[in-house]
Amino acid sequence: TITNRAERTRGMRFFMERDSLTGLLNHTHLKEALAREMMRGERSGSCLCFAMIDADHFKHVNDTYGHLTGDRVLKSLARLLQERLRRTDIIGRYGGEEFAVVLLNTTMENAGRIIDTIRENFSRIKQRSETGEEFFVTFSCGISSFPGVRDPSELTAAADRALYEAKELGRNRVILMPEPLME
């Protein structure tokens, strides 16, 4: 009985912490993990980067090919992130077609190279609609870093500003948020 209850509790916790479509951390638990890792970084003197990823023209995908196809696109991006990032990195679905990644012990330049490689790989994946029509999807990304930004909400906002800039510059690119000037 105890074993069954423990397994059931673990299973319920998994579904409470995870996005139901992708199996990645949900928004709330991703933000908690980011705050926890920033506190750990503060104590240990380590760095981390926060990347916000948004599928480009995703409304067009849903409108043209349907929501089931859109869901498959999101799953393929989630799977690629899980395959290409380290097991220690934290990946979550931020909401809708947005994902976020916490890259631990990584400089801004390395994070940019890693995510840009994933971006290039994702843009080459042939997506298929329910009718068999093939198409490609790209993503844009903004990256901010700790200890450059020391508050989790400010780190998220900085990555979001960089993501917005990537969209403004034409999408399908990674933008690194400039380091703030230290006083």
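## The cores

In this predicted model, the largest nonpolar core holds 30 residues, and I53, L81, I115 and I143 make the most contacts inside it. Six elements each put at least two residues into this core: the strands β1 (48-55), β3 (98-104) and β6 (139-146), plus the helices α3 (58-65), α4 (67-84) and α5 (108-123). The top contributor is α4, which gives 6 residues.

There is also a second core, separate from that one, with 23 residues. Among its members are L25, L34, A162 and L163.

## The sheet

Follow the strands across the open sheet and you read β2-β3-β1-β6-β7, 5 strands with mixed pairing. The edge positions go to β2 (90-95) and β7 (174-176); each has a single partner strand, so one side of each has no neighbour in the sheet. On average, neighbouring strands are turned by 20 degrees against each other, direction ignored.

Now for the pairings. Strands β1 and β6 run antiparallel and are joined by 8 bridges. If you want landmarks in the model, L48 has F146 in β6 as its bridge partner, and F50 stands opposite S144 in β6. On the other pairing of β1, 7 bridges link it to β3, again antiparallel, with C49 partnered by L103 in β3. Next along, β2 and β3 are antiparallel too and share 5 bridges; here G92 finds its bridge partner in A100 of β3. The hairpin made by β2 and β3 has 2 residues between the strands, and G96 takes a positive phi near 55 degrees there. The β6 and β7 pair runs parallel, with 3 bridges, and L176 in β7 is the bridge partner of I143.

## Two covered strands

How many of the residues in β3 are buried? The count is 7 of 7, so to speak a mostly covered strand. In a regular strand, side chains alternate between the two faces of the sheet. In β3, E98, A100, V102 and L104 point one way while F99, V101 and L103 point the other, and all are buried.

Strand β6 is mostly covered as well, with 8 of its 8 residues buried. F139, C141, I143 and S145 point one way from β6, and S140, G142, S144 and F146 point the other way. I143 has already come up twice: it is among the residues with the most contacts inside the largest core, and it is bridged to L176 in β7.

## Helices on the sheet and on each other

Helix α5 packs on the sheet and touches β1, β3, β6 and β7. Its direction makes about 165 degrees with that of β6. Helix α6 (residues 152-168) lies across β1, β2, β3, β6 and β7, and runs at about 145 degrees to β6.

Two packed helices are described by the angle between their axes and the distance between the axes. For α3 and α4, the axes come within 7 Å and cross at roughly 140 degrees. That makes the α3 helix oblique to α4. On the α3 side, the residues that meet α4 are F58, V61, N62 and Y65; on the α4 side they are H67, T69, G70, V73 and L74.

## Cysteines

How many disulfides does a search of the whole structure find? It finds 0. C47 is in no disulfide, and the nearest cysteine sulfur, that of C49, is 6.4 Å away. A disulfide calls for sulfur atoms within 2.5 Å, so the C47 and C49 sulfurs, at 6.4 Å, do not qualify.

Is C49 buried or exposed? C49 is buried, with a relative accessible area of 0%. C47, by contrast, is partly exposed, with a relative accessible area of 26%.

## A look at N172

N172 sits in the loop between α6 and β7. With 30% relative accessibility, N172 counts as partly exposed. Which residues does N172 contact, once its neighbours within four places in sequence are left aside? They are D56, R119, T138, F139 and S140. Of these, F139 and S140 also appear among the buried residues of β6, pointing opposite ways from that strand.

E134 lies farther off along the chain: N172 and E134 are 38 residues apart in sequence and 19 Å apart in space, C-alpha to C-alpha.

Definitions and conventions: Residues are numbered from 1 along each chain as its sequence is written. This is a predicted model: local features need pLDDT of at least 70, side-chain atom pairs count only at pLDDT 80 or more; totals for chains, interfaces and linings use all residues. Side-chain values use heavy atoms; hydrogens and water are left out. A nonpolar core is a set of buried Ala, Val, Leu, Ile, Met, Phe, Trp, Tyr and Cys residues joined through side-chain atoms within 4.5 Å. Buried means under 20% relative accessible area, exposed over 50%, partly exposed in between (1.4 Å probe, protein chains only). Helices (H or I, at least four residues) and strands (E, at least two) are DSSP runs, numbered from the N terminus. Two strands pair if DSSP finds at least two bridges between them. Axes are lines fitted to C-alpha atoms, for helices over the stretch in contact, and angles run from 0 to 180 degrees between N-to-C directions. Contact means heavy atoms within 4.5 Å. Angles under 35 degrees count as roughly parallel, over 145 as roughly antiparallel, 65 to 115 as roughly perpendicular and the rest as oblique.
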